[in-house]
Amino acid sequence: MPHHSPAPSAWRRIRTAWGLPDLSGKGRFVTANLIDSLGNGLVGAFTLVFFVKTTSLPLVAIGAALTLGQLLVLPVPLFLGRLLDGYGPRPVVAVGNWISVAGFIGFLFSHAAWQIVLWQVMVQLGSTAFWMGSGPLTVTVAGGVERARWFGFVRALRNVGVGFGGAVSAVVLSFGTVTGLRAIMVLNVVTFAVAGWLVLTLPGTEADAGGPAGAAAPGPAEPGPTSEPPGGYRTVLKDVRYLRLVATNISFVFSSTVIAVLLAVYVAQYVHVGSWIVGVLVVLNTALVALLQTLASRWTEARRPVTVLVWALLLNAAAFTAFGALLVLPGWSVIAGLLIAMVLYTAGEILSSPPTSELSVVMAPDHLRGRYLGVYQMSWSIGSALAPALLTGLLEAGAALPWMFLAAISVLAVPVVLGLDRRPATVEAAVGDDTAAEQLDGDPTG
């Protein structure tokens, strides 16, 4: 009798249609990411207000303390890179969550500016550890297949969590009670502690990507946690190909700050439309990322990551040009122009995040992956610190200047990113990563 393949289940049809990865056995990893994104959404939206309500410090002092705490963490990625090389991503991510727990507990008992600085350092340290370990951990969980889908799914999951967390915070803030604010902080303490445990007990990740026990680690012997892998940050700084990726990412870092830094003040003071439109644009951005990120991953997995990045850069340039052009549009068309610009901006965001995250991991040699990611994370840390001052300074000098600057660096990044998926002429700075080089062509099966 002829054998017939069983019809795919309804869930498998949905998974295929929406570009979702195979989630079987990955519940702990998914839950940990959702908890972290939800927690960041909860706290990110109300940390400043929390200290305004729970301390007697002036607003300026609180803002300065939070900023100083972030600045003190800027060099930390270089140290965390060494830990990633020695221990792998799983313990680094788990301990990062628990360090954040300590910071949130400290927030509950902070009354002086120095205390806010201290615990903000802890929270930012934990967050940085999570972000640095997240990419290698995602590669490990993916197991060499559906990488583009996994990075897209994690991105969509985090966007949903941050959006929902921000919405919950907005509801709590509308009541304005100190008890409610403290309850959110306590909730974060509990959930981040659970997230750390979930990551640490992930099944099937004993050979963490980039860790010392990784099966693909170069060399005849597997170094232990205290072993010093060959090479170091000098090797990273000699890898011009990887530094081009880091330089390209700085363009995306500046782009990512547009909503938080520029949008509200630009709309209110320069294009003279109601502030209500800002909320509409933010919701539009969040909804599009949540709905389309995995579908976009399904499209990108069959294409070279570099091709996708070029499209993302060009979409960003078009979006920023559209934002700047609003200054010369008649009043009746400004709303439509804002919506078009936001759609273009969101499309660039959707396309840029998975391939940059993936390339930052797979372009790094296994035995130095932590150090490579330390340099890559510095592009986020420095860019995020510089963007508010630079972009607002340009805005004050001329309403069109920040959009011209953002469009220019997006276009200039295109020739920088071209050719990143080609094998280097020498492998001195990328020894031991043959698998990554083979997979840069976007083949989802590895």
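This section describes the fold, the aromatic pairs, three individual residues and the internal cavities of a predicted model.

The protein contains 18 helices and zero strands. Of its 446 residues, 50% are buried. Among contacts with a sequence separation of 6 or more, 84% are made between residues 24 or more positions apart. One pair that is distant in sequence involves Leu20, which is found in the loop between helix 1 (10–18) and helix 2. Leu20 counts as buried because its relative accessibility, 13%, falls under the 20% limit. Although Leu20 and Leu295 are separated by 275 residues in sequence, their C-alpha atoms are 7.9 Å apart in space.

Aromatic side chains form twelve pairs in the model. In one of these, the ring centres of Phe50 and Phe51 are 5.3 Å apart and the ring planes stand at 80 degrees, so the arrangement is edge-to-face. Phe50 and Phe51 are both buried. Phe51 also pairs with Phe107, and here the centres are 5.0 Å apart with the planes at 85 degrees, so this pair is likewise edge-to-face. Because Phe51 belongs to helix 3 (residues 47–54) and Phe107 to helix 6 (residues 89–108), the pair ties together parts of the protein that are 56 residues apart in sequence. Phe107 is buried, as is Phe51. Elsewhere in the list of ring pairs, Tyr266, Tyr270, Phe320, Phe323, Tyr345 and Trp403 are linked into a cluster.

Two buried residues with polar side chains were examined individually, beginning with Gln293, which is placed in helix 13 (residues 276–300). With a relative accessible area of 0%, Gln293 is under the 20% limit and is therefore classed as buried. The side chain of Gln293 reaches the backbone oxygen of Ile350 at a distance of 2.9 Å. When residues up to four places away in sequence are left out, Gln293 touches Gly152, Arg155, Ala156, Leu288, Ile350 and Pro354, so that Ile350 appears both among these contacts and as the residue whose backbone oxygen is reached by the Gln293 side chain.

Thr257, by comparison, lies in the loop between helix 11 (240–256) and helix 12 (258–269). Its relative accessible area is 10%, and Thr257 is therefore also counted as buried, the limit being 20%. The side chain of Thr257 reaches the backbone oxygen of Phe254 at 2.7 Å. Beyond residues up to four places away in sequence, Thr257 touches Leu262, Ala387 and Leu391.

The search for enclosed space gave two cavities of 30 Å³ or more. The second largest cavity has a volume of about 40 Å³, and its lining consists of Phe29, Ala32, Asn33, Val93, Phe130, Ser134, Leu137 and Val199. Helix 2 (27–44) and helix 7 (113–142) are the elements that each give two or more residues to this lining. By residue class, the lining of the second largest cavity comprises six nonpolar residues and two polar ones, with no charged residue.

Definitions and conventions
Residues are numbered from 1 along each chain as its sequence is written. This is a predicted model: local features need pLDDT of at least 70, side-chain atom pairs count only at pLDDT 80 or more; totals for chains, interfaces and linings use all residues. Side-chain values use heavy atoms; hydrogens and water are left out. On a 1 Å grid over the protein atoms alone, a cavity is a set of points where a 1.4 Å probe fits but cannot get out, and a pocket is an open set with protein on both sides within 12 Å along at least five of seven lines; lining residues have an atom within 4 Å of a point. Grid points are joined across faces, edges and corners, and a volume is the space filled by probe spheres set on the points. Helices (H or I, at least four residues) and strands (E, at least two) are DSSP runs, numbered from the N terminus. Ala, Val, Leu, Ile, Met, Phe, Trp, Tyr, Cys and Pro count as nonpolar, Asp, Glu, Lys and Arg as charged, and the others, Gly among them, as polar. Buried means under 20% relative accessible area, exposed over 50%, partly exposed in between (1.4 Å probe, protein chains only). A polar contact is a pair of N or O atoms within 3.5 Å; within protein, one must be able to donate a hydrogen and the other to accept it, and residues adjacent in sequence count only if both atoms are side-chain atoms. Contact means heavy atoms within 4.5 Å. Rings of Phe, Tyr and Trp (its six-membered ring) pair if their centres lie within 6.5 Å; planes under 30 degrees apart count as stacked, over 60 as edge-to-face and the rest as tilted.
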